[in-house]
Amino acid sequence: MGLGSISTGVLLLGLIATIMTVMASTLTNAIGVFLVMVAALSTVAVKDKHGQSMIVRATNRFNFMRARNSGANVYRSGPLGRTKWGTNQLPGLAAQSRLSEHLDSYQRPFALLSVPSSGDYTVIIGTEPDGAALVDQEQVDGWVADWGHWLANLGDEAGIVAAAVTIETAPDTGTRLRGEVTTNIDPEAPAYARAMLNEVVATYPSGSASVRAYVSVTFSAAARANGRRRDADEMARELAARLPGLTQGLSATGAGAARPLSAQELCEVIRIAYDPEVATLIDDAHADGESTGLRWPDVGPSGHQSNWDSYRHDSAVSVTWQMTEAPRGIVQANILTRFLAPHRDIARKRVTWLYRPIDAGRAAAIVQADVRAASFNESANDRPSARAVVGTRAALATAAEEASGAGLVNFGMLATATVMDVERLADARAAMDNMSSTARLRLRVVTGGQDSAFAAALPLGLVLPKHLKLPAELRGNI
């Protein structure tokens, strides 16, 4: 009946209590005990189309109301803020993060982000995706296969606990194009050629968008379970030798030139995410050959307010969705093309795919358990539904692929839409609903935790299950 192990235990105990009540008391009292048990289990068993039970929705609403009454959903930083240190520190889950910079074996600077509360270290890799335009289908198939191999190898990499891919689309300010043309134009070129280039610089950025992609890989500070946690210097020495292999593997997946982000570049990415209006200032500084001088304690918002289904931060308003069901049936390589593309009703859009590799030792037991559950669901009825039959076939196919060496990962998706005016928020919601339908994704607005979902969608490598008050293993068994 869709109950977890804990709820199933409550069901058995309730049935035993009902039987004992019949033996020791009247039938009326036994019916009362049985109805109480049914009412309690219905809060867990009755779920909506997104798989959320009544008790989960009620708990989220209660926690948000408590946070709002205490003022915990409002954040003010900076010299006039509520924080004692006077800086624009990141709020929420990323408040304890620390940033340092090191050099890998290719002498490339890379940012190392640490979260002491979870004991994780994250490196962020910037990529330049080639795109699928004018690319043969054979090449696309090769990229997809190499991406599958890269994900499968995460389970074999020592210490990797999670990975995330962030695709961000935003309006192009035109500063980079103007700087590129200005520095390369020939002053002795014909007047017509110079006029044409100047017109391109003036008109091309209007309505165009820039697409950036980031891959964050999160490592555990402990080399093994219950082992000693390593500090930032120890992790930097180990990751310096492993980063070239990770970036080289990404280059074969169609990600283009992959390189680790430096500390300054990561500060700029996060600063723009919380305050999109500074993007033009940062691009202008780069065009003039100047450094922004951002520090990690100054990349957070000067203020934010987390509402029930939206998030106000500095100069923008954002809404974050979570995927509750992946596309069914056959998934083609271009299924997310329209979903990832820029949209005129959304100022900035960020789509993040979250991956948590499963150890090869646990993967075999998980796929076998899925096969047993699917087979039971199919054989429980004389006329099994089409979904049960397809589910059994999928479980058997997954078990066969795992047995032949394929990796197993848990995955999810977060999508954030940002607008500069609160009046455009309704248009952004409608646009996300339309785009998710074309991608056959079932999305649900994150309620009661928009600030945490916004931070998780950033290339910060936050592992959400490690920040839950109730462990994910226990939540799954309820």
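User: How do you know what share of the contacts join residues at least 24 apart in this protein?
Analyst: The model is predicted. A contact here means heavy atoms within 4.5 Å. Counting contacts between residues at least 6 apart in sequence, 76% join residues at least 24 apart.

User: What makes the protein as compact as a globular protein of that length?
Analyst: The protein has 15 helices and 13 strands. Its radius of gyration is 26 Å, and the globule rule gives 23 Å for 478 residues. The two values are close, so the protein is as compact as a globular protein of that length. Along the principal axes, the C-alpha trace spans about 100 × 55 × 50 Å.

User: Why is the pair of Trp-147 and Trp-150 called stacked?
Analyst: By the rule for ring pairs, the count comes to six aromatic pairs. For Trp-147 and Trp-150, the ring centres are 5.3 Å apart and the planes are at 10°. Pairing needs centres within 6.5 Å, and planes under 30 degrees apart count as stacked. The pair is therefore stacked. Both residues lie in helix α4 (residues 137-154), three residues apart, about one turn of the helix.

User: Why is Trp-150 counted as buried, and why is Trp-147 called partly exposed?
Analyst: Buried means under 20% relative accessible area, exposed means over 50%, and partly exposed is in between. Trp-150 has 7%, so it counts as buried. Trp-147 has 23%, so it is partly exposed. Ring pairs also link Trp-147, Trp-150 and Tyr-355 into a cluster.

User: What makes the pair of Tyr-311 and Phe-454 tilted?
Analyst: The ring centres of Tyr-311 and Phe-454 are 5.2 Å apart, with planes at 55°. Under 30 degrees would be stacked and over 60 edge-to-face, with the rest tilted. At 55°, the pair is therefore tilted. This pair links distant parts of the chain: Tyr-311 is in strand β9 (residues 311-313) and Phe-454 in helix α14 (residues 450-456), 143 residues apart.

User: How do you know whether Tyr-311 and Phe-454 are buried or exposed?
Analyst: The cut-off for buried is under 20% relative accessible area. Tyr-311 has 0%, so it is buried. Phe-454 has 0%, so it is buried.

User: What makes Val-22 eligible for the nonpolar surface patch?
Analyst: A patch residue needs over 30% relative accessible area and no salt bridge. Val-22, found in helix α1, has 41% and is partly exposed. The patch, of about 690 Å², includes Val-22, Leu-27 and Phe-34 among its residues. α2 (27-45) gives the most to the patch, with five residues.

Conventions. Residues are numbered from 1 along each chain as its sequence is written. This is a predicted model: local features need pLDDT of at least 70, side-chain atom pairs count only at pLDDT 80 or more; totals for chains, interfaces and linings use all residues. Side-chain values use heavy atoms; hydrogens and water are left out. Patches are made of residues with over 30% relative accessible area and no salt bridge: like charges are joined within 9 Å, nonpolar side chains (Val, Leu, Ile, Met, Phe, Trp, Tyr) within 5 Å. Accessible areas come from the Shrake-Rupley method with a 1.4 Å probe; for residues, only the protein chains shown count as cover. A salt bridge is a side-chain nitrogen of Lys or Arg within 4 Å of a carboxyl oxygen of Asp or Glu. Helices (H or I, at least four residues) and strands (E, at least two) are DSSP runs, numbered from the N terminus. Buried means under 20% relative accessible area, exposed over 50%, partly exposed in between (1.4 Å probe, protein chains only). The radius of gyration is taken over C-alpha atoms; the globule rule is 2.2 Å times the number of residues to the power 0.38.
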